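Colleague: I have just opened this model and would like to learn how to read it. Could you walk me through it?

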Amino acid sequence: MGATEKGGQKSRKLFSLRRPWKATRRLWRPRSARQAAQGASSPDMEPSYGGGLFDMVKGGAGRLFSNLKDNLKDTLKDTSSRVIQSVTSYTKGDLDFTYVTSRIIVMSFPLDNVDIGFRNQVDDIRSFLDSRHLDHYTVYNLSPKSYRTAKFHSRVSECSWPIRQAPSLHNLFAVCRNMYNWLLQNPKNVCVVHCLDGRAASSILVGAMFIFCNLYSTPGPAIRLLYAKRPGIGLSPSHRRYLGYMCDLLADKPYRPHFKPLTIKSITVSPIPFFNKQRNGCRPYCDVLIGETKIYSTCTDFERMKEYRVQDGKIFIPLNITVQGDVVVSMYHLRSTIGSRLQAKVTNTQIFQLQFHTGFIPLDTTVLKFTKPELDACDVPEKYPQLFQVTLDVELQPHDKVIDLTPPWEHYCTKDVNPSILFSSHQEHQDTLALGGQAPIDIPPDNPRHYGQSGFFASLCWQDQKSEKSFCEEDHAALVNQESEQSDDELLTLSSPHGNTNSDKPHGVKKPSKKQ
């Protein structure tokens with residue numbers, strides 16, 4: 001027998017040995033897979049080869065393109081829905097969602113579309129809330145961004161609080177009262193609070209709610225509890241100051257803010273901060289706002305503004321402006337970019353910002369002092385010399401000014417409010433008290449006046465409620481994140497100057513005791 005013939009017999013023998021293996025393989029294939037293979041195979045090939053590489057080469061190209069066409073249609077069909085489903089499966093276990101108590105929830109902004117940087121999607125949040133609190137939750141949107149309220153069954157209070165500022169005292173109190181009324185209606189009801197990042201704005205509201213419900217009588221334990229439940233809340237000095245105002249309004253002997261206008265005669269800053277390129281001075285100007293409305297500015301042409309140097313010792317700017325209510329005072333460094341006079345661009349950097357309520361200033365006060373830890377937006381320490389402070393020369397007018405809206409704290413007594421309304425059980429109440437502590441931290445209970453920060457807002461019209469237990473649908477307020485300049489070479493347009501400090505440790509200046 002020749003070598004060729006022997007080789008042929010050997011090949012046929014090997015081929016016959018392969019056949020049982022192929023049959024066995026077909027037996028283990030699912031019935032649906034066998035049927036699909038048989039339906040897809042060509043007449044001159046075995047069923048077990050259906051859908052394989054050879055099928056694509058031998059007569060399968062048409063079916064390949066047909067399948068691609070069908071798959072493309074399926075892919076393009078309702079693409080946004082498929083994307084959202086994909087993101088949902090990824091984020092379901094990673095929602096930015098915190099139960100501060102079993103009835104108070106804080107989260108970041110729920111987006112109505114897919115966006116990198118936001119963990120919460122509206123559909124995810126709605127599914128979660130519906131699964132746990134169906135028909136028993138109300139959402140408080142503190143941010144200036146909005147979404148379709150129908151996503152949360154139209155139970156959304158659009159508040160729109162201002163950028164990196166404490167809300168107006170009027171609105172802060174009114175939202176707390178609204179939340180309390182909602183919780184009072186049904187023991188299953190919960191409040192869901194969010195701003196953009198679920199930090200500062202949400203935290204001041206929840207902290208104020210703790211005080212409103214008599215859980216704490218000073219800001220310290222409320223802040224401690226917030227940090228324990230949601231680290232990195234980033235409360236500014238002004239946020240802390242306004243929590244102190246809430247404590248005064250809700251004390252056993254409540255303090256009632258007066259309505260006397262305040263004249264700010266001048267502002268003095270010392271020593272000189274280092275904001276120019278040489279790091280030896282600045283070219284400052286001052287803005288005064290009531291709410292989010294600028295009512296006065298000392299900014300003029302760049303060439304006409306004085307540049308202060310370290311050797312000058314202090315900055316003195318006369319103001320002579322009369323204000324009332326929530327007041328914001330901001331100072332900026334004005335600079336011009338390199339170029340000719342026609343090409344140069346004038347920009348600014350925020351030096352500091354402070355906020356206070358005129359109704360809490362004692363009647364005999366003539367000077368308001370703010371140290372660096374009491375100022376907002378002082379977030380680049382090397383730009384501020386030691387003992388940096390801001391002094392306002394002020395004078396209160398003798399007569400009250402008539403206001404348009406009755407403050408929500410007038411004729412409202414919270415002595416009968418039981419803090420247990422914040423919890424679902426007595427044990428949870430006790431655990432929360434232990435976590436927050438009963439003693440204040442760093443903030444004296446009689447000295448909430450001077451932890452300085454920026455704004456507030458007056459753009460919202462709150463209706464005073466006739467019935468204190470009715471659920472108000474007209475709550476408005478808000479807050480956004482912005483960063484102040486970090487170097488003289490970073491440019492910031494004049495239209496967006498606001499900044500904030502991330503300092504979380506409060507410090508205060510002793511103020512005259514308030515008069516009852």
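Colleague: Let's start with the whole chain: what percentage of its 516 residues count as buried?

Modeller: Happy to help, and do keep in mind that this is a predicted model. The secondary structure of the chain comes to 11 helices and 15 strands. Of the 516 residues, the share that counts as buried is 50%.

Colleague: Where are the buried residues of H11 placed around the axis?

Modeller: Helix H11 spans residues 426–436, and its buried residues are Glu 428, His 429, Thr 432, Leu 433 and Gly 436. These residues cover an arc of only 135 degrees around the axis, so they lie on the same side of H11.

Colleague: Which residues are exposed on the other side of H11?

Modeller: We have just met the buried residues of H11, and what covers them includes strand E1 (97–101) and helix H9 (219–229). Turn to the other side of H11, and the exposed residues there are His 426 and Ala 434.

Colleague: Which residue takes a positive phi just after H11?

Modeller: H11 covers residues 426–436. Just after H11 there is a residue with a positive phi of about 85 degrees, and that residue is Gly 437.

Colleague: Now for helix pairs: is H8 roughly parallel or oblique to H9?

Modeller: Two packed helices are described by the angle between their axes and the distance between the axes. The axes of H8 (residues 200–212) and H9 come within 9 Å and cross at roughly 130 degrees. An angle from 115 to 145 degrees is neither roughly perpendicular nor roughly antiparallel. That crossing therefore makes H8, relative to H9, oblique.

Colleague: How many residues of the contact of H8 with H9 are nonpolar?

Modeller: H8 brings Ser 203, Val 206, Gly 207 and Phe 210 to the contact, while H9 brings Ala 222, Leu 225 and Leu 226. Two of the contact residues are polar and none is charged, and the number of nonpolar ones is five.

Colleague: How do H8 and H10 lie: roughly parallel or roughly antiparallel to each other?

Modeller: The axes of H8 and H10 (residues 237–249) come within 9 Å and cross at roughly 20 degrees. Angles under 35 degrees count as roughly parallel. H8 and H10 are therefore roughly parallel.

Colleague: And how many residues in the contact of H8 with H10 are nonpolar?

Modeller: From H8 come Ala 200, Ile 204, Gly 207, Ala 208 and Ile 211, and from H10 come His 239, Tyr 242, Leu 243, Met 246 and Cys 247. Two residues of this contact are polar and none is charged, and the nonpolar ones number eight.

Methods. Residues are numbered from 1 along each chain as its sequence is written. This is a predicted model: local features need pLDDT of at least 70, side-chain atom pairs count only at pLDDT 80 or more; totals for chains, interfaces and linings use all residues. Side-chain values use heavy atoms; hydrogens and water are left out. Buried means under 20% relative accessible area, exposed over 50%, partly exposed in between (1.4 Å probe, protein chains only). Helices (H or I, at least four residues) and strands (E, at least two) are DSSP runs, numbered from the N terminus. The arc is that of the directions from the helix axis to the C-beta atoms. Contact means heavy atoms within 4.5 Å. Axes are lines fitted to C-alpha atoms, for helices over the stretch in contact, and angles run from 0 to 180 degrees between N-to-C directions. Angles under 35 degrees count as roughly parallel, over 145 as roughly antiparallel, 65 to 115 as roughly perpendicular and the rest as oblique. Ala, Val, Leu, Ile, Met, Phe, Trp, Tyr, Cys and Pro count as nonpolar, Asp, Glu, Lys and Arg as charged, and the others, Gly among them, as polar.
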